[in-house]
Amino acid sequence: MSSASQSKGLQIREFYEKDCPLDVLDGKTAVFVGYGNQGRAQALNLRDTIESSKFSTPPKIVVANENDRYAAQAEKDGFGYTSDWAAAAAQADILFLLVPDHVQASLFKDKIAATLKKTCCIVVASGYNVYYGYLDVAPTNDIVMVAPRMIGAEVRSNFVGDSDLSCFVSVEQDSTGQAGDIALALCKGIGFTQKRVVKSTAYHETLLDLFNEQALWSSVLAMYRVGYLILKDMGLSDEELVHEMWLSKEPAKVMEHMADDGFIGQLRLHSLVSQYGQLSGSLELDTTQMRQVFQQKADRIKNGTFAEEFKKLEQGGAGVQHTVNELRKQTEQWDLVKGEHKVRDHLGLKTL
Ligand SMILES: NC(=O)c1ccc[n+]([C@@H]2O[C@H](COP(=O)([O-])OP(=O)(O)OC[C@H]3O[C@@H](n4cnc5c(N)ncnc54)[C@H](O)[C@@H]3O)[C@@H](O)[C@H]2O)c1
């Protein structure tokens with residue numbers, strides 16, 4: 001696991017527009033390895049910022065991608081693309097690694113590392129490969145993390161509209177002495193300083209991200225499954241359940257109010273019956289076992305057990321996608337999923 005998580009170049013905990021001058025990007029070539037969810041949004045935002053800012057030599061953006069539908073999108077967006085990884089790496093002063101986490105390490109090792117400039121700054125959007133030490137980066141290179149707290153589509157739509165964008169930033173390896181300045185300039189260039197940039201580390205970002213997924217969100221899925229079963233047994237229709245539990249978007253709105261009005265504060269927007277039910281219910285719940293289970297999950301993330309298990313899936317022949325498909329297939333047996341299919345089909349709503 002990475003021990004280089006001390007952010008040398010970042011002296012404060014939060015950064016805004018004024019803290020992030022763009023001039024360090026002058027004359028530099030930024031190569032986007034990957035033009036998917038984050039790659040496309042970040043490249044478009046950065047290009048807009050470059051075009052609307054003053055540089056003596058404006059930074060150049062290059063997209064490196066396999067010849068696939070993402071490459072076609074890069075062409076459509078006016079970037080063009082190259083599948084010559086070695087040539088792209090050779091010209092990069094800044095290299096964004098924006099392919100899925102589980103392919104980053106091998107792509108970097110096999111196709112990028114050999115021709116990379118010694119002083120290139122490598123930018124990751126999640127701490128995963130850095131924290132687990134999977135990225136084999138030369139000690140002369142810089143490594144920074146610019147990790148959006150938002151899905152790619154929103155990184156773009158927020159940039160062109162009202163922005164709610166924020167991100168975590170860290171310096172993981174600073175060989176040139178410029179890593180912190182580059183990281184902050186990229187935060188501004190991509191649009192994250194419109195709200196707030198928070199100093200973090202690859203370790204913290206990885207723990208937070210994976211814990212949210214494996215402990216919090218997995219519990220939400222399981223809780224909904226059980227809640228659905230109980231109420232279905234008590235005579236409620238699929239239409240009533242699906243509408244109330246998520247299709248109405250009431251839960252999504254409640255979460256928005258948690259951000260806007262406070263996690264507990266937003267309860268004042270609910271009736272007193274609701275406030276009493278939610279507060280007394282959560283306070284009387286015995287969370288001892290939950291805490292033990294969640295702690296085990298956090299420990300497995302911290303000590304790398306989960307990451308190694310995941311790596312084995314990728315190396316195990318059929319790959320991660322196959323395993324995820326199998327797990328999805330199991331959820332087809334849930335009453336909640338069967339009920340939802342019925343309701344969505346009836347309403348003509350598509351399901352991803
Ligand atoms: N998806 C998000 O909303 C989100 C949010 C925050 C951070 N991140 C981080 O951003 C990074 C990129 O994630 P993403 O969701 O944008 O990725 P993605 O799944 O959208 O990536 C697709 C891109 O990766 C390329 N690609 C896929 N497999 C490849 C392979 N084997 N070899 C070469 N290229 C390959 C595709 O050509 C395409 O350009 C990850 O580190 C992720 O953790 C993602």
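Here are some questions and answers on the two domains of this predicted model and the interface they form. Residues are numbered from 1 along each chain as its sequence is written. In this predicted model local features need pLDDT of at least 70 and side-chain atom pairs pLDDT 80 or more, while totals for chains, interfaces and linings use all residues.

Q: What distance separates the centres of domain 1 and domain 2?
A: The domain assignment, automatic or from a database, gives domain 1 as 14-199 and domain 2 as 205-347. Taken over C-alpha atoms, their centres are separated by 32 Å.

Q: How much area do domain 1 and domain 2 bury between them?
A: Contact here means heavy atoms within 4.5 Å, and 12 residues of domain 1 touch 15 residues of domain 2 in this way. Buried area is the accessible area (1.4 Å probe) that two parts lose on being put together, summed over both. Carbon and sulfur atoms hold 58% of the total, which is about 1,000 Å².

Q: Which residue meets arginine 149 in a salt bridge?
A: A salt bridge is a side-chain nitrogen of Lys or Arg within 4 Å of a carboxyl oxygen of Asp or Glu. The rule finds two salt bridges across the interface of domain 1 and domain 2. With 3.6 Å from N to O, the side chain of arginine 149 meets that of aspartate 209.

Q: Where does UniProt place the feature "domain: KARI N-terminal Rossmann"?
A: The end C-alpha atoms of this span lie 11 Å apart, and the span is 35% helix and 21% strand. The record is an unreviewed UniProt entry, and it places the feature at residues 12-200.

How values were computed. Heavy atoms only, no water. UniProt positions renumbered as here; feature names shortened; annotations may be inferred. Helix = DSSP H or I, 4+ residues; strand = E, 2+ residues; numbered from the N terminus.
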